[in-house]
Every structure is written in structure tokens, then in C-alpha cells.
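Time to open the notebook and go through this one entry by entry. I will jot down what I looked up, in the order I looked.

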Amino acid sequence: IDYESGVLSIVPREVTLSAGDNVFTYSGSEIVPDVALLNIANNDNVVIGFDKDAVDAGEYTLTASISDTNYSLVGNTSFEVVINKAQQSISIESTVFPYTGKVHSIVATLVSGDGDISYENNSNTNVGEYEVTVKVSGTQNYLELNETVNISITKTEITIEDIALSDITYGDKLSVSVITGIAKLIDMVAEGVFSFINGDEILHAGTHEVEVLFTPEDSNIDAKSVFVGITVLRKTVNVTVEDGGKGIGNEDPVIVYSVTGVLDGDTYEPSVSRVSGEAVGEYGYTVQDSGEGDYVPQIISSTKFYILDKLVEFSGYSDEFIYRVGVTNGYAMQLSFKEGYDISSLEVTFSTVVGTASGSYKSEKVTFSGSGKVKIGLKIKNTYNVIFDEKVFEVVANAVNVTSFSQIKSNLDSCLHNDLILTNSITVSAG
């Protein structure tokens, strides 16, 4: 107050600047320094201004000022401000990859920062755990970033497609040659080999489910097995039947045959029979297939079963042999066989039926003696079987004392069956 003039003057209030630490980290925005005015009147809001903006990282000297005329900023009005570079940060979309046989790499995206991104060890293919280094270059406002990212490449399960097994025959082992199909790893064909689990097992005829294993060449892929249906066909075996035969009216002999193609350790007996019929002639053989089991029988031989007339037709010539009766120390029967009979195999047996009649055989000749009835049995082998026949003969004792022509003729007739006809007179001397 100027008392002389009576003038009251109000002068600006002096204030001083108080500055804080003023160390900041770059944020992309203008920083607000930590300063305050001391000696401000109560409730006054005095705005502090600065001579420059501080945005980018760096060191600054700022000078404060106020525009409020009611105050006068005195003392030190400058202060230091430091803006440090900020840390950069990244995000990774995926760090776990399925194995595909192709290169896998991570991709980093800047969450904050403006540096250039680069990688180390970022091209990996095989299954495993890997460390990838992500580098972000430093810039004016950001520090350089070096970050290690752990990634995993995991095994991928393959799929088996279009798999099928061709039919096999009983006795065949399971061979990879019957397998068709492909193994896929996602969208590509996986190289490898198919095989059978328990491939040495011999499967019986029928349908089965067998386990097929795919083993990939690539060790990054696990093997995989699937169950697949297979048909095992019955095995054809060959039946060779020997020729057979019999005399008409006799019992059929046992059919002789052999079987080839049966597996070691197996027992198989086919049902072989001849075509029915009992008349003289040729008959074939058949084998019955039950439709079940592991084997299908088939006859491969062209053999026949023969039914022949009796070996001995004692009233004349026969198809088997010719006989002739003469008088030489008793009644005799000469045997003469057709081609195809093994004479050395001939067996002749005699058995007395009535009286003292008996017989003997030597040099293809049968001789009877005594009187009564005798049974002769003949057994001979031809090229296909043994034929047996038998006949009972009535034997009349030899005439010792010939007294008349009629007796001679009678005796000769009984011996020759009228093959010799006597028409002329003969003279018989004593003895």
C-alpha cells in the first residue's frame, strides 16, 4: 500500500518449482513430468507449461512456466526428464505341431514394439522338443528382445484306408502279397510295409478276422494295426484210386486208393465209392464231398471197376479161360488164360464135399481123383485186381475094366462133354 498516494497494489505471488524423479518408460504418449508449485494459494489451480514435449525415449531438460499473472515463478525453473526404452513383447499362435513330414515353424507377432522379428532354429520336422529363439531388433523407443520359445512336434496317428485281403487256401501262410491298402499320414501316403501279426498261423477253411500291422519307414510315425476279414478256401486234395473188379455175383473188394495234398499232421479219409451196378461191365469211381472241413477231394485217376463173368464157366468156353477135359490118369481140366492175367499168381484150392473126390493142380492142369464131389477154388490176379471164383465138380471113378464100346463111349462122353463124337467101331484088346 502506498500510503502517500493511497494506492493499494496487489503484486503476483512468488512460487517455486519442485521436481520429482522424472524417470519414465516409453509409452508412445507425451509424458507428464512430476513437478509441483510451492506457495500456491489455497484452492488455486495453476497450470504449469513446458517448453517442449517429451515423448520418445531419451533425456530431456524441460523448463517450466506458468501463465497465471497472479503468480510469479521464481528460482530454478528447469529440470531433467529421462524416458527409457520400453520392452518389446510378442505372441505365438501355436507351439505344438503334429508330425506331417514337413517343416514346422512358429510365427511371432509383436504385441508391443516396432522392431524387426527374426528366428533361430525355427525349421523343424521330426518329432521332438525344440527351443526356438525369437529376436526382435531394438529401435529408438524399444529394447532388443531375445526370447526362447519351447515347441513340440508330436506323433500323428496314421489311418489305414481301402485295406482288403485276397482269399487264401487252407495250408497257405498269411503272406503280405494278399494285402492291398494304403496308410495315410494326414493328406499324404505313408511309406512302409504291411505284415500279419501271427502270420505263421495256419487258418482253417472259413472266414476269419486277422490283425494286419503297418510298420512305417519313418520312425516319426507309430505302427498301427487293424483287424481285417479274410476267407480261407478249402484245399483240393487228389485221390488216386486203383483199378478194381470182381466176378459177377461176388462181394465188392475193399477199394484201394491214396490221397496226396494233405498237410503234415492232418488226417483225412475221403468217402470213395464206385458207381452202383451189378451187371457185367465197367464202372467208374466217385468221391463224396461233404462241403465241410478243410479239404475238397477230387479223383485224378481214370481207373475203373470191372464186373466180369465168372472166371470158370464149366459148361464151355468163357471170357477168362478155356478149359478142356481129357483122360489122363483121372479126369483132367486144362486151364488156358487170356492175355492180361498173371498166371504165376494163380492159386488153386480143393476141398472134398462128398465122398473121396479130391483134386490137384500142376502145370496149368487140374486132375481129379476118387469119386464124389470136390470144390475147386480159383484165385488169379489180373492187371487191376484179384478175381476169385469156385465150382463144385462131381467126380466119377475111372473105369478099369472096359468091356464094351458103349462103356468107352459113355466114359469118353462124360470126360469130353461130347466134344469128341465116336462113330466107328474099334477093337479093344485085353488089358
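**Entry: the tyrosines**

I started with Tyr170, which is buried at a relative accessible area of 4%. Tyr295 counts as buried as well, at 5%. I then checked how their rings meet: Tyr170 and Tyr295 form an edge-to-face aromatic pair, 5.5 Å centre to centre, with 85 degrees between the planes. Tyr170 lies in the loop between strand 15 (168-169) and strand 16 (179-185) and Tyr295 in strand 27 (residues 295-299), so this pair ties together parts that are 125 residues apart in sequence. Tyr268 belongs here too, since I find one aromatic cluster made of Tyr170, Tyr268 and Tyr295. A reminder to myself: this is a predicted model.

**Entry: another aromatic pair**

How many aromatic pairs does a search of the whole structure find? I noted 6. One of them is Phe50 with Phe79, edge-to-face, 5.7 Å centre to centre and 80 degrees between the planes. Phe50 sits in strand 4 (residues 48-50) and Phe79 in strand 7 (residues 78-84), so I wrote down a separation of 29 residues. I looked up accessibility for both partners: Phe50 is partly exposed at 29%, while Phe79 is buried at 6%.

**Entry: salt bridges around Arg274**

Next I turned to charges, and the search of the whole structure gave 7 salt bridges. Arg274 kept me busy. Its salt bridge with Asp252 has the closest N and O atoms 2.5 Å apart. That pair links distant parts of the chain, with Arg274 in strand 24 (residues 271-274) and Asp252 in the loop between strand 22 (244-247) and strand 23 (257-260), 22 residues apart. Arg274 also forms a salt bridge with Glu278, where the closest N and O atoms are 2.9 Å apart. I therefore drew Asp252, Arg274 and Glu278 as one network of salt bridges.

Is Arg274 buried or exposed? Its relative accessibility is 12%, and the cut-off for buried is under 20%, so I put Arg274 down as buried. Its partners read otherwise: Asp252 is partly exposed at 35%, and Glu278 is partly exposed at 45%. I also found the charged end of Arg274 over the ring of Tyr283, 5.3 Å from the ring centre.

**Entry: Lys184 and Glu161**

I looked at one more salt bridge, in which the side chains of Lys184 and Glu161 meet at 3.8 Å, N to O. Lys184 is in strand 16 and Glu161 in strand 14 (residues 159-165), 23 residues apart. Lys184 is partly exposed at 24%, and Glu161 is partly exposed at 29%.

**Entry: positive phi**

I listed two asparagines here. Asn22 has a phi near 55 degrees and is found in the loop between strand 1 (13-19) and strand 2 (23-25). Asn198 has a phi near 65 degrees and lies in the loop between strand 18 (192-196) and strand 19 (206-216). Their surroundings contrast: Asn22 is buried at 2%, whereas Asn198 is exposed at 55%.

**Entry: an open sheet**

Last, I traced a sheet of 4 strands, open, in the order 9-13-12-11 and with mixed pairing. Strand 9 (96-98) and strand 11 (117-120) are its edges, each pairing on one side only. Neighbouring strands are turned by 30 degrees against each other on average, direction ignored. Strand 12 (residues 128-136) and strand 13 (residues 145-154) run antiparallel and are joined by 9 bridges. Among them I noted Gly128, whose bridge partner in strand 13 is Ile153.

Key: Residues numbered from 1 in each chain as written. Predicted model: local features only at pLDDT ≥ 70, side-chain atom pairs only at ≥ 80, totals over all residues. Heavy atoms only, no water. Pairing = 2+ DSSP bridges. Axes fitted to C-alpha atoms, helices over the stretch in contact; angles between N-to-C directions. Phe/Tyr/Trp six-rings, centres within 6.5 Å; stacked < 30°, edge-to-face > 60°. Buried < 20%, exposed > 50% of the residue type's maximum accessible area, 1.4 Å probe, protein only. Lys NZ or Arg CZ within 6 Å of the ring centre and 35° of its normal. Salt bridge = Lys/Arg side-chain N within 4 Å of Asp/Glu carboxyl O.
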